[in-house]
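Colleague: I'm new to this one, so could you take me through a single part of it slowly? I'd like a close look at the salt bridges and whatever sits around them.

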Amino acid sequence: ASFFVCFSLVLTIMKVLLTATAGALALSGAAGFSVSQNGVLSSSRSASALNMMPKQTHTETASYFPFAEPTKPSTTALSLSDGPNKEADDGSAGVRQLLGVKGASGETDINKIRLQLTKPVTWIPLVWGVMCGAAASGNYHWMWNPFDATDRNFALGAEDALKGFVAMILAGPFLTGYTQTINDWYDREIDAINEPYRPIPSGAISEGEVIAQIWVLLLGGLGIAYGLDVWAGHDFPVVLCLSIFGSFISYIYSAPPLKLKQNGWAGSFALGASYISLPWWCGQAVFGELDRPVYWILPILYSIAGLGIAIVNDFKSVEGDREMGLNSLPVAFGIDGAKWLCAGSVTLTQLGVAAYLYFIGEPTYAALLLALIVPQIYFQATLLLPDPVANDVKYQASAQPFLVFGILVTALCVGHHDFSA
C-alpha cells in the first residue's frame, strides 16, 4: 500500500511539472518580448527571442511574460555594454562562455549556446555529491583497490565505475542542466539587469529552443533515473523519485507563483539541498541503501552549509534582486548581515559534523575534517567578511575545495563505519 501511495505522489508531482512546463510552452508561442520606450513590456514581431534593448516603435499590448503583469514601468531595458558583465580580456572569454560564467564572449553557435545555458560550471558540485553518496554506501567496488586486496574484481569495478558515471550524467548535464535552463527562462528579465550576456536576455537563443531544451533535459533525466533503478535492482524506484522531487523543487524555486528564490531562507536552503543532499542520496541509493537516519541527516546538515554558499551567489545580484522585489538574504539582512550568516552556516555546520564523527568513535576522520575547516575560516576572514561583493568568486574558488573535500571525508567515514556495532 505504501508503494502505491508513494507512486501516486510521484504521479501528482509529475503532473504539476508537466502541466507547468506545458504552460510555459504555450507562452513561448507568443511573439518575442521587447521593451517599449517608456519601459513597459510589450509584445513584438521581432525574430529575436527576447530583445531587452529599447526599440523605437511598439504598440503597447498585454504582456505575455509568465509573471504577473508589471504594475510599474520596467527598468530592464539595459544596453548590453552597460551591464556589469564585460567580456574578459585575458583570453579566457571563450572558456567562460562554455562554462556559463561572467566575462563570457559572444557566441552564435547554437550548440555552444545551449551548453552555456546549462551552466556546466554548476555541474561539478552535483557530480561530486554523487561520488560522496557512492563512498557513503560502503559498497562501491574498485577495479583494483591498492588499499584492499579483497577489492580487486575488475569486472565488478568496471560495472560500478560505469554505473557511477551514468549517475553523474544524470545529476550534472541532465537535471542540473534542466534546473539552470528553467531558472534562466523565468529569470530572463532580471538577468537583463544582472547578467545581460546570458543567452536568453541577449536574444542568442529563441524561446522555442529554450522550451525544447527544458523538455529534453527533464524527460531524458527521468528516463536515466529509472534506468539506474532497474540497473541497481531496486524494488522501489528510489532514484526516479529523488529525481522527480528534485525537478519539482527546481521548478518551484524559479517559477511563479511559489518562486522559492523570492524567499531568502526557503530559496537558499532549497538550493543548498539540491546541490548536496539530493546527489548524495542518489549516489548512495545506486550503490547501497538509505535505511538509517544518519544517511538522511548528514546530507541535510551539509545542506545548511550549502545555504551559506547560496548566499555567496546572491551577493552579485543584490541590486537586481532588490529592484525586482526578490527577498534574497543579502537583500533581507543587508550585505553585512548576510556575510555573517554565510560564514556562520558554513563553519558551525561543519564543526557540528566533526563533533558527531568524534562522538561515534571516528577521531581520525573528525581531525581530518577539522583540518579542512581551518583554511575555510581563514578565507572567510580575509576575503568574505572584508568585501563579499568584490571577493565572491575569489572566496568560493579558495574556500569551496576544502568544503567539498570535507564532505567526501564525512562520506568515507560513513561508508567505513560499522553502525551495527
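Modeller: Happy to. The structure holds four salt bridges, and keep in mind as we go that this is a predicted model. For a bit of background, side chains of opposite charge can pair when their charged atoms come close.

Let's begin with arginine 198 and aspartate 184. They form a salt bridge in which the closest N and O atoms are 2.7 Å apart. The two partners come from distant parts of the chain, 14 residues apart: aspartate 184 belongs to helix H5, while arginine 198 lies in the loop between helix H6 (188-194) and H7. Are these two buried or exposed? Arginine 198 has 0% relative accessibility, so it counts as buried. Aspartate 184 comes out at 2%, and because buried means under 20%, aspartate 184 counts as buried too.

Next up is lysine 259 with aspartate 187. Here the closest N and O atoms of the salt bridge are 3.4 Å apart. This pair also links distant parts of the chain, with the two positions 72 residues apart: lysine 259 is in the loop between helix H8 (238-254) and helix H9 (264-275), and aspartate 187 is in the loop between H5 and H6. Both lysine 259 and aspartate 187 are buried.

Then there's lysine 339 with aspartate 336, whose side chains meet in a salt bridge at 3.4 Å, N to O. Both sit in helix H13 (residues 329-359), and because they are three residues apart there, about one helical turn separates them. Their surroundings are worth a look. Lysine 339 has 10% relative accessibility and therefore counts as buried, whereas aspartate 336 has a relative accessible area of 54%, so it is exposed. One more thing about sharing: Asp187, Lys259 and Lys261 are joined into one network by salt bridges that have partners in common.

Since H5 carries aspartate 184, it's worth seeing how that helix packs. Helix H5 (residues 154-186) and H7 pack with their axes 9 Å apart, at an angle of about 150°. Angles over 145 degrees count as roughly antiparallel, so H5 is roughly antiparallel to H7. The crossing of these two helices is left-handed. As for what lines their contact, the residues divide into 21 nonpolar, five polar and three charged.

H7 has another neighbour to show you. The axes of helix H3 (residues 110-117) and helix H7 (residues 207-232) come within 12 Å and cross at roughly 60°. That angle makes H3 oblique to H7, and this crossing is right-handed. You can pick out the residues involved: Ile110, Arg114 and Leu117 on the H3 side meet Glu209, Val210 and Gln213 on the H7 side. By class, that contact has three nonpolar, one polar and two charged residues.

Finally, step back to the whole chain. What does it hold in the way of helices and strands? You'll find 15 helices and three strands in the protein chain. Of its 421 residues, 52% count as buried; among the buried ones are arginine 198 and aspartate 184. And if you take the contacts between residues at least 6 apart in sequence, 66% of them join residues at least 24 apart. The bridge from lysine 259 to aspartate 187, 72 residues apart, is a good place to start tracing links along the chain.

Terms used: Residues numbered from 1 in each chain as written. Predicted model: local features only at pLDDT ≥ 70, side-chain atom pairs only at ≥ 80, totals over all residues. Heavy atoms only, no water. Axes fitted to C-alpha atoms, helices over the stretch in contact; angles between N-to-C directions. Helix = DSSP H or I, 4+ residues; strand = E, 2+ residues; numbered from the N terminus. Parallel < 35°, antiparallel > 145°, perpendicular 65-115°, else oblique. Left-handed = near helix turned anticlockwise from the far one by under 90°. Contact = heavy atoms within 4.5 Å. Nonpolar A, V, L, I, M, F, W, Y, C, P; charged D, E, K, R; others polar. Buried < 20%, exposed > 50% of the residue type's maximum accessible area, 1.4 Å probe, protein only.
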